[in-house]
Structures are given as structure tokens and as C-alpha cells.
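Trainee: I would like a close look at a single part of this structure. Could you pick one helix and walk me through its surroundings, then set it against the rest of the chain?

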Amino acid sequence: MKSNDKKGNKAITKKLSTAKKKFKLNVTPSQKDTEKSTKSQKPLVTFPIVGIGASAGGLEAIELFLKNIPDNCNMAFVFVQHLDPTHKDLIVEILQPSTSMKVIQVKDNMRIQVNCFYVIPPDKDMSIHNGVLHLLDRRKSRGLHLPIDSFFRSLADDQKENSIGVILSGMGSDGTLGLKAIKENTGVVYVQEPADAKFDSMPRSAIDEGLADVIAKVEELPAKIAAHIKHAPNVPILEHLTEGKTPKSLEKILFLLKAQTGHDFSQYKGTTLYRRIERRMNIHQIDKITSYVRLIQENPYELEILFKELLIGVTNFFRDQLVWDELKNKILIPLIKGLKQNYTLRAWVPACSTGEEAYTLAIIFREALEKVKPGRDINLQIFATDIDINTISKAREGVFPLNIAADVSNERLKKFFIERKDGYEISKTIREMIIFAPHNIIKDPPFTKLDILSCRNLLIYFTPVLQKKLIPLFHYALNPDGILVLGSSETIGEHVNMFKPAENKLRIYRRLNSLLPSERITFPSQFAITPGAIGSGKRPLKPAANIHTMTEQILLQEFAPAAVLVNSKGDIIYISGRTGKYLEPAAGKANWNIHAMARPGIRYELSNAFQKAVSKEAPIKIKNIFIGTENNSNPIEISIKPLQAPEELKGMVIIVFSDVAAVPVKNKLSQEHITQSSDPRIKTLEKELARTRQEALAINQEMQTVQEEFKSANEELQSANEELQSANEEMTTSKEEMQSMNEELQTVNQELHAKMEELSQTNNDMKNLLDSTDIATLFLDNSLHIKRFTQRTTEITKLISSDVGRPITDIASDLFYRGMEKDLQQVLKTLISLEKEVSTSTGKWFLARIHPYRTLENMIDGVVVTYSEITVLKDLEAQLLKAQSVLEKKFDKQTEELGKVRADIRLENVKTGKTKS
């Protein structure tokens, strides 16, 4: 047998080798595939990649940076600089003497090697994927060229938490958006000290945005980067915490955060917390979390930094462009078409950070409105909220750096932004659509009656338990058919009865008008979490019970036939399988009780057994019971089992009906003999038995009648109780709505208060500015009614504060300026400024200048008249004219005398000539 097996194996091996040669097949593909999959799971780059960005003055800084990089640092560096596309590039030759590393100008599809320094070529953009550098032709479109932002974003996407960004000397703000992406992926950011930089705009932009982890002189940065990389692998906090080794230290950190900021992070995902804490420990080169706890106890500023990092306030305009295009074209435009005139849509953008997403929503709404019908009076009110007061303040300002041009098209920049020297300011029409306010989605009441709710990339940082609570809350906050927009990595989970996908791939959902689940919505003020749940692996709250699933699991585990689930009174809750053979609806009013629905053949035995099983809390089986007609009856078996587990089904009873095989009668003749016996005693017993059964049936029917009466009374009581409960729930709902409305009013009030303070400050500044110029200034509207005037104006025109709103032509004036109204109308019509010299009754002279009044939106809203006193100039002019007149008279007199002298000389010459002749 063994020899035959060997021969067979040899034959198979030979055939396989022949097939391999013929078809060039791999005879062990599974092994190779396993190796490939294993290799693919390994990181393609095993060393850190440091991205460096610089602009003007950056060459000197990068030379100093290179000179201080340690030898054999086991890192790779990629240097991105603003280069003139027409200038010959000599940067490799300039930088190579400063380092022992190889300086290489990047070529397309170049794989990064360790201990090398890569430089971007001119007129190119660059990205990185799987450790390979890719070159792209520079976009020829107008606007800023931002190669540093572009590369930093791709570096963050490729290297994730291992990404490192460095910003050196440079003008502008290129690199800031890219650094935000690095921070979002828990990378590290190093920035040159602004005082040390030749041009501090780029470093200062990164610092002002709160992105810098380390700020130092350029020569100190390489050593700090090397120390961070060397220390990072020695802090395995994530593994330690997830094993539950240091939960107390984490609870202390969360307690300190809540004590200082007032915000509870216990319902954030453990991995999010651990990575942020681990990152701060790496920066401070701390090995133990207990040491970090000690640090934040002694240093409140570090606690504030950790709070900022946990918020992960990273956003930008038109993030995920496809989502906004879909929202505008497929959602907003059809929605606006179906709205009535003067309707105001309500939207909520929680976790808005610095406001880019809220402004993006306002912009696409304005575009959709113009596309449907420009003149239609449909408005959008956006509530944009965040727990960070500082980011809310930035969002309110509506000022963004120049590098937003990478995300916002030139057309939108011209239409919805006002360009300034230091960036772009959002236009007034967009700004007025949004109310910014501090709000904590976890503990504050939600905004309600919303048409749109955009909560993108927030739920991914929360625990599944909190996510399951927030989705029903969003359903409560939205109007029927309202729109919910989630992030690309977020879903509605198991709440398919609340929302349906409007566009599933893009995570846009529409609210369903179906009823909410039986359990009440958990409002934020009721959110709670079990102490120690973070990092312990225990679920703090049980999910909502699903009777359908649990019942079927029990049936599959213990039974297979038809069954019903009833409560302790016999009311049917759930039916499994085909039960028509055993149960039938009773005539009359619908009654779903097992005692009423049981067929006559099993009703008596089932009722008795059910009562015994419930009272004894023990399973009971009924055997040898027949169901059917007298001529055609089938034996069945009934199992009744009170349930003790799971907790949600405790107190309920499951009843299972099983068909059994009929037992054959061994002696048919004897059976027929007994049946056909004419013994009078047997007949008497049969009659008594039949009478007893009829009495029992009558009693049973009476009991059922009494039970029906009790049940009816109970139902009335339950109905009254439900009405009371419903009224109570309505009051609770009204209370929640009042809280929400109160929150909205507080938000609006806070926004108005901030605007009032800003307006008051602006008015004070304007008043002081106008008064300090000592120039009489008068502001008029398009109807030439007085809007504002300075104190100096009252010395020329008899104005008092109550004259505001009156026509300027009704005001008495010391000016001799009869054509003033005509000149004002001319300036309003032609928009060309005009100047005139006018005098007063007191002898003073003024230069009147009339200019059109232009708003920030470049609209004409009246005129501005300024009066500059030129009395001294006029006096000097009069003196000069008088002196000129005197001089002219003297000149004329002297000219006349000179003419006489010339005439006398000529006469004398004539006389002299005659004498000689």
C-alpha cells in the first residue's frame, strides 16, 4: 500500500510540474498570496519623512537647518520652496556643501530613501503616495500657488500619525492648511521662531492658528525632531491603556480637563484620547502617564493645549467637494423650488470650528437660490456652534488667510469674499446668514425645527454608545423630510427606521416620518456614562432590547415548531411559525389572549397548565392531547416555559406546539369490543363525563366572561393612565422645546450683544477719528437727508442732534452756497467728486468737497460733504493779489516813466544829428 501511495504521489508531482512548465503556473499560489498579503500589510516606509516648507529668506534658514542635522539620523527630508519657474535652479549645488547627506532634486515617481534630502524642482507641484514622490505640472490658473500646502496634505494622508511638518522663514501663509491636515492625523509640527526668521509671515501664520507643537530657532529644530523620533517608540501608552493598566491616570486627566474647561471627554473614543495624550507625552519626552498627570497638574497651560488638541478643530472650505455639489444640485435646488415665498430655512452646523463649513453651506445655498430664481425671497438661518469659545470668535470675524484660494474658486472668491492685504473677509450677505455661538452637543439642548443638520466628522470621535444617542436626537431636531449630512466615515448605524439615504455613498440622509422607537429620546442633559468605562472594555449601557431577535434565538436554540410568546396574563406578544392549527381568533371584539384563541380541543388543558407554569415558575409539558374533529384528531404535545433570561424577557412565557406520531392500537378487536360494549354502567359514566365536561366548559366560559370584564376595566384604566402619561410626555416635550427655544434666543442674544459691542466700538473709533481730523463732515442719504455729522459741522451749519433725518435744504446755514442742492444731485447722478470754495457770513472761507458714499458692497448710499477751512489761504491769496496789484501799478508807472525817458533820448538824438549835419 505504501509503495502504491508513493507511486501515486510521484505521478501527481510529475503532472503538476508539467503543467507548471506548460502554462507557467505557480503550483503553490496560496503560499505566495499569503506572502504578498503579508508584505502589503507592512509599512512601505519604515523611517520618518520630514516635510519642510519655506519661502522668501528660506534658503539661509535651510542651510542652517542642514548643518545641524545629526549624521546617520535615519530620516528623510523633503524641502518645498517657492521657486521662480523661469529661473535656473541651482539649489542642489547651493545646499550640498552644508550636509553630508545626499541632496537630490526630485524626479517623477522617485522612491524616498533614508538619509537623503529631496528638493522640489521649479514650476512643479509635488505629492507623496506609499513613500513615492510624484511630480505634477503647476496649475496655470490664476490665484496663489501653494505648493507647501499641497505637499503637506499628501504627506499627512500618506504617513498619518508619523507625518512631521516644519515651517521656516517665508512670506504669506502657505503651509498653514497643510499643517492642519498633519495635526488632524496626530502628526507633529515644528515652526521656526518668528524673531529668528528673516521673514516671519509663514511661521507666525502657523503659530496664530495654534498649530505649532514646538517653536524654536532653526538651528535647534533638527535636534528636537531627532529627540522626538528617538523617544516616540518608548511610549506605548495606547497598548498599556487598552489593557487597563493605567485607567486611574486617564480618569485623573479627564477630571482635570473637566475641572478647568467644564467639558467632559469621557464619552470620546478611547483611541482618540490615547493618541492625543501619547502625542503630548512624546513632545515632552515623558515615558509614564503618571508623570504627564503631574505635568498638567503643575502646568495649566499644557492642560489648555491638550484641550485644544482633543477638539481636533481641523476644517476647510468645500471639504469633500462632491458632497457639496450633491447637496446643492440634488437637495437644495429641489427644496427651494418647493418652498413658499418668504420662507426661512433653518440649519445647524455643530462643531463648526472656525466656521469654514458653515460659510460653505451659506455659499452653496446662495448659489442654489440664484440658480432657481434670483429674485425669490427665501432665506437661510444657520446656527453654527462649537464648544471652543476662541474658535467661535475667529469664526465670527469671518477673516481667512490668502491660502484658502486652494479650496475656493476664483469666481467664489470674487463673489462672496472681500480681498484684504492679509487675506479674505467673508461678504456681508453671507455673514448675516450665520449665528455663531458656544454650544456643547453632549450636554446642551439641541436646536429644533431644522431643515438641514450638517454634523460631519464629529461622530467618529465619540463612543458607539454616544453615537446611538445622538442619531435619535438629530431625528428629533429635524423637521419631516429634513436633511442630515454626516462625514465620509460616519453612518446612521442601526437607526434605519429614522433616516433613509438620499445619497448613501456621500452620507446624505433624509429624515423618515415614521414613529420613533418605543423608548424615549435621551436628551443631552441625561447623557451619562459609567465611571471607568473608558479603557475598561465594558459597555456602560445596554442597547435597546430587540424582542424579535431574542425570541427567535431562543426558539432556534431550544425548539423548532410553532410557538407564541405571551405575558403572564396570556396576552400574545409575538408569534413564530404557523399556529393556525392550534389557535384561532375568537368571535366578536378582537382578543389576542391565548385562552381565548386556543382551539376547543386544547383550551381546558392549556389554561390549567399555563396557570401552573406561571405560579410555579417551572416548565410544564402536556402530552397525549388530541386536537381536531372526532373522526380526525391528531396527537400533539404542548411545552410551556416561563422565561427568566435574558433580562428583557423576564416574566414572559413561551408556548411551543409540537406534533407527535400517533400510537398504533395493538388489539383493534378488543378496542372495538370495548367501544361497542352495551354495558349500562359504562354508558352512565360516559353521560356523567359528558355532563361534567359541559359544566366545566360553562364555568370556563363564565370565567372568560369575567376575565373579559376585568380586562375591559383594566383597559379603561390603562387608557386613562396612557392619556395621563401622554399628557406628561407632551409637557416634557414642550419643556424640551422651550429649553431649545431658550437656547436659540440666548444664542441670538449673544450674537446680537457681540455685534452691538462691535458696532459701539466702531462708532467710538469713527467719532474719535472724525473729531481728531478737525474737518467738518456731513453724511447724507440718497434723498439728501442728514444721517450723521461731526461737531465741527455745527460751527458752519446750524445743526443739532435732532436734525438727523431732516433734509439738508431745510437747515439754516452761514454758508453762501446757493447751488449746493444742485451739486449734491449731480454727484449722486454722475458719481464724480466735486470741489467748491464757499464763504460764510462771518468772513471765513471753506473748501467743500462732495464725494459719493460707497458701502463695502460697492453700493452708493448717499454723499459725504467735507468742509476744510481755507480762510488763511484766502487771506494770503488776497494779500498776494493786493501785492500783485501794487506791483503792477508800480510796474505800469515805471514803464510809463521809462517810455518818457526813451522818448526824450530819441528827441535828443534827433537834435544832435541835425546839428552835426
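**A close look at helix α16**

Mentor: The protein chain has 26 helices and 30 strands. The model is predicted. Of its 917 residues, 42% count as buried. The accessible surface of the chain comes to about 52,500 Å², and 53% of that surface belongs to carbon and sulfur atoms. Take the contacts between residues at least 6 apart in sequence: 64% of them join residues at least 24 apart.

Now to α16. This helix spans residues 389–397. Start at its beginning. There, D388 sends a side-chain oxygen to within 3.1 Å of the backbone nitrogen of N390. Next, which residues of α16 are buried? They are T391, I392 and A395. Why do these residues fall on the same side of α16? Because they cover an arc of only 105° around the axis. On the other side of the helix, I389 and E397 are exposed. Here exposed means over 50% relative accessible area, and buried means under 20%.

What do the buried residues of α16 pack against? One partner is a helix, α15, residues 356–372. The others are β12 (379–386) and β16 (434–438). After α16 comes G398. The phi of G398 is positive, near 70°.

One of those partners leads to another positive phi. A351 sits in the loop between β11 (344–349) and α15. Phi of A351 is near 55°, a positive value in a residue other than glycine. A351 is partly exposed, with a relative accessible area of 34%.

N130 makes a useful parallel. Phi of N130 is also positive, near 55°, and N130 is not a glycine. N130 lies in the loop between β6 and β7. N130 counts as partly exposed, at 33% relative accessibility.

The strands on either side of N130 belong to a sheet. That sheet is open and has three strands, in the order β4-β7-β6, with antiparallel pairing. β4 (110–111) and β6 (124–129) stand at the edges. Each has a single partner strand, so one side of each is left without a neighbour in the sheet. Helix α5 (residues 147–159) packs on this sheet and touches β6 and β7. The direction of α5 makes about 5° with that of β6. β4 and β7 (residues 132–137) pair in the antiparallel sense over two bridges. R111 has V132 of β7 as its bridge partner.

For a second sheet, go further along the chain. This one is open and has five strands, in the order β27-β26-β30-β29-β28. Its pairing is antiparallel. Which strands stand at the edges? They are β27 (786–789) and β28 (834–839). Each of these has a single partner strand, so one side of each is left without a neighbour in the sheet. The twist averages 20° from one strand to the next. β26 (residues 776–780) pairs with β27 in the antiparallel sense over three bridges. The bridge partner of L778 is F789, in β27. This sheet has a helix across it too. Helix α25 (residues 820–830) lies across β26, β28, β29 (845–854) and β30 (860–869). The helix runs at about 130° to β30.

Back to helices, for a companion to α16. In α3 (residues 58–67), the buried residues are G58, A61, I62, F65 and L66. They cover an arc of only 135° around the axis, which puts them on the same side of α3.

Last, a buried glutamate. E326 belongs to helix α14 (residues 321–337). Its relative accessible area is 15%. The cut-off for buried is under 20%, and E326 is buried. What is E326 in contact with, leaving aside its neighbours within four places in sequence? The contacts are I331, E503, L506 and I508.

To recap the helix you asked about: T391, I392 and A395 are buried, while I389 and E397 are exposed on the other side. The buried residues pack against α15, β12 and β16. D388 makes its approach to N390 at the start, and G398 follows the helix.

Definitions and conventions
Residues numbered from 1 in each chain as written. Predicted model: local features only at pLDDT ≥ 70, side-chain atom pairs only at ≥ 80, totals over all residues. Heavy atoms only, no water. Buried < 20%, exposed > 50% of the residue type's maximum accessible area, 1.4 Å probe, protein only. Helix = DSSP H or I, 4+ residues; strand = E, 2+ residues; numbered from the N terminus. Arc of directions from axis to C-beta. Contact = heavy atoms within 4.5 Å. Polar contact = N/O pair within 3.5 Å; in protein donor to acceptor, adjacent residues only side chain to side chain. Pairing = 2+ DSSP bridges. Axes fitted to C-alpha atoms, helices over the stretch in contact; angles between N-to-C directions. Areas by Shrake-Rupley, 256 points an atom, 1.4 Å probe, with all protein chains shown as cover.
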